[in-house]
Amino acid sequence: MRPIRSFIAIAGIMTFGAGTFVSAQTSSAHPTAISLIIRTDDIGMSHSVNMAMQRLVSTGMPVSVSVLFVCPWYQEAVEILKQHPTVSVGIHLALNSEWKNYRWGPVAGSTAVPSLVDENGFFFSSSEALHQHNPNVAEVEKEFRAQIDRALRSGVKIDYVDYHMGTATRYPELREVTERLAREYGLGMSEYFGEAEDTPQYSAAPAVKADSLVVMVNRLKPGINLVVTHVGIDDAELGALLDMNTDDPLPEMSKNRQGELTALTSQRFSAALKARNVVLLTYRDLIAREGLKSMRRPVD
């Protein structure tokens, strides 16, 4: 874990919900400081997810928002994010489409990358299914370029990339493409700054997700920490989706995503952050402070 370098305080304590927090702009960090990045994935997947993201960023909490630019609802997400320019935006690089009855395919078009799609032109539902169909690495690069170019044309500042379902870095040949494109486009890579990830709330029951976040905060160690979140509104749209991913699908996904939103915006979570003087960073903050040359491939 990389020690945190000092930087200059330029603003006062900010507030969200019923609590307060320390952001990168408000802290004179110390080598023993505890920093936390809150990364929120799958934005742009649906209207319900976008509305949850809007509630989260409207609190003023420093967050990093990862957008699925392959999904039709990314356009709404972009319009929301344009109203919140301090939010750090990432590209949630995707080669999978995991929801029954709601599928998406490549930005490059299915005929341009035929090894990446099923017989209906959609991405495969899991990393394993894609890998079993022997994806062409040149086609992976073509598709990732199309997703990155779409993001850069969107009008929001793009700071970093990360990996829907982990597929873009799960296999060595895909990881090499992802790393090379990040360097070429001058983008950060999530998990490449020595972040210690702890994401207990994902599998916790909706009613106790706030409890799991508080426990997580209380065990954070000095250095850069990461919690990966998935927010949503528990409504008919999100409730209709059934997860076909083979990694760790959750029943009642919409209730779980609502639970994460409720936990993240709870007074208990903000109070726990304040009690330990946790510095909330975004990937934009981290890149500005550490520089892209500081990135290192994580050790498995």
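Me: Which residues of helix 2 (residues 74-82) are buried?
Reply: Let's start inside this predicted model. A residue counts as buried when its relative accessible area is under 20%. In helix 2, the buried residues are Tyr74, Ala77, Val78, Ile80 and Leu81.

Me: Why do the buried residues of helix 2 line one face of the helix?
Reply: Imagine looking straight down the axis of helix 2. The buried residues line one face because, in that view, they fall within an arc of 165°.

Me: What do the buried residues of helix 2 pack against?
Reply: Both strands and helices take part here. The strands are strand 3 (34-43), strand 4 (64-67) and strand 5 (88-93). The helices are helix 1 (47-58) and helix 4 (137-153).

Me: Is Val87 buried or exposed?
Reply: Let's move on to the loop between helix 2 and strand 5, where Val87 is found. The cut-off for a buried residue is under 20% relative accessible area. Val87 has 6%, so Val87 is buried.

Me: Which residues is Val87 in contact with, leaving aside its neighbours within four places in sequence?
Reply: Helix 2 comes back here, since Leu81 is one of its buried residues and also one of the contacts of Val87. Leaving aside neighbours within four places in sequence, the full list for Val87 is Val57, Val63, Val65, Leu81 and Arg284.

Me: How does His84 count by its relative accessibility?
Reply: His84 has its place in the loop between helix 2 and strand 5. Partly exposed covers the range between under 20% and over 50%. With 22% relative accessibility, His84 counts as partly exposed.

Me: What separates the C-alpha atoms of His84 and Val57?
Reply: Along the chain, these two are 27 residues apart. Even so, His84 is in contact with Val57, and with Ser58 too. The separation of the C-alpha atoms of His84 and Val57 is 7.3 Å.

Me: Which residues does Ala112 touch, not counting residues up to four places away in sequence?
Reply: Ala112 lies in the loop between strand 6 (99-100) and helix 3 (127-132). Its C-alpha atom is separated by 8.3 Å from that of Lys142, a residue 30 places away along the chain. Not counting residues up to four places away, Ala112 touches Glu139 and Lys142.

Me: What is notable about the phi of Asn101?
Reply: Asn101 is in the loop between strand 6 and helix 3, and it is exposed, with a relative accessible area of 73%. Asn101 is not a glycine, although its phi is positive. The value is about 70°.

Me: What is the phi of Glu191 near?
Reply: Glu191 sits in the loop between strand 8 (188-189) and strand 9 (196-197). At 26% relative accessibility, Glu191 counts as partly exposed. It is a residue other than glycine with a positive phi, near 80°.

Me: What separates the C-alpha atoms of Arg296 and Glu191?
Reply: Arg296 is found in the segment after helix 11 (283-290). Arg296 is exposed, with a relative accessible area of 53%. Arg296 and Glu191 are 105 residues apart along the chain, and their C-alpha atoms are separated by 8.7 Å.

Me: Which residues lie nearest the centre of the largest pocket?
Reply: The largest pocket has a volume of about 610 Å³. Its lining is made up of 27 residues. Those nearest the centre are Asp41, Met165, Gly166, Tyr202 and His230.

Me: Which helix gives the largest share of the lining of the largest pocket?
Reply: Strand 3, helix 5 (167-170) and helix 9 (253-264) each supply at least two residues of the lining. The largest share is four residues, and it comes from helix 9.

Me: How many residues of the lining of the largest pocket are charged?
Reply: The lining can be sorted by class. Seven residues are nonpolar and eight are polar. The charged residues number twelve.

Me: What pLDDT does the protein chain average?
Reply: This is the predictor's confidence, and 90% of the residues score at least 70. Over residues 1-19, though, the pLDDT is below 50, while this stretch has 59 contacts in the model beyond near neighbours in sequence. The average for the protein chain is 91.

Conventions. Residues are numbered from 1 along each chain as its sequence is written. This is a predicted model: local features need pLDDT of at least 70, side-chain atom pairs count only at pLDDT 80 or more; totals for chains, interfaces and linings use all residues. Side-chain values use heavy atoms; hydrogens and water are left out. Buried means under 20% relative accessible area, exposed over 50%, partly exposed in between (1.4 Å probe, protein chains only). The arc is that of the directions from the helix axis to the C-beta atoms. Contact means heavy atoms within 4.5 Å. pLDDT is the predictor's confidence in each residue, from 0 to 100. On a 1 Å grid over the protein atoms alone, a cavity is a set of points where a 1.4 Å probe fits but cannot get out, and a pocket is an open set with protein on both sides within 12 Å along at least five of seven lines; lining residues have an atom within 4 Å of a point. Grid points are joined across faces, edges and corners, and a volume is the space filled by probe spheres set on the points. Ala, Val, Leu, Ile, Met, Phe, Trp, Tyr, Cys and Pro count as nonpolar, Asp, Glu, Lys and Arg as charged, and the others, Gly among them, as polar.
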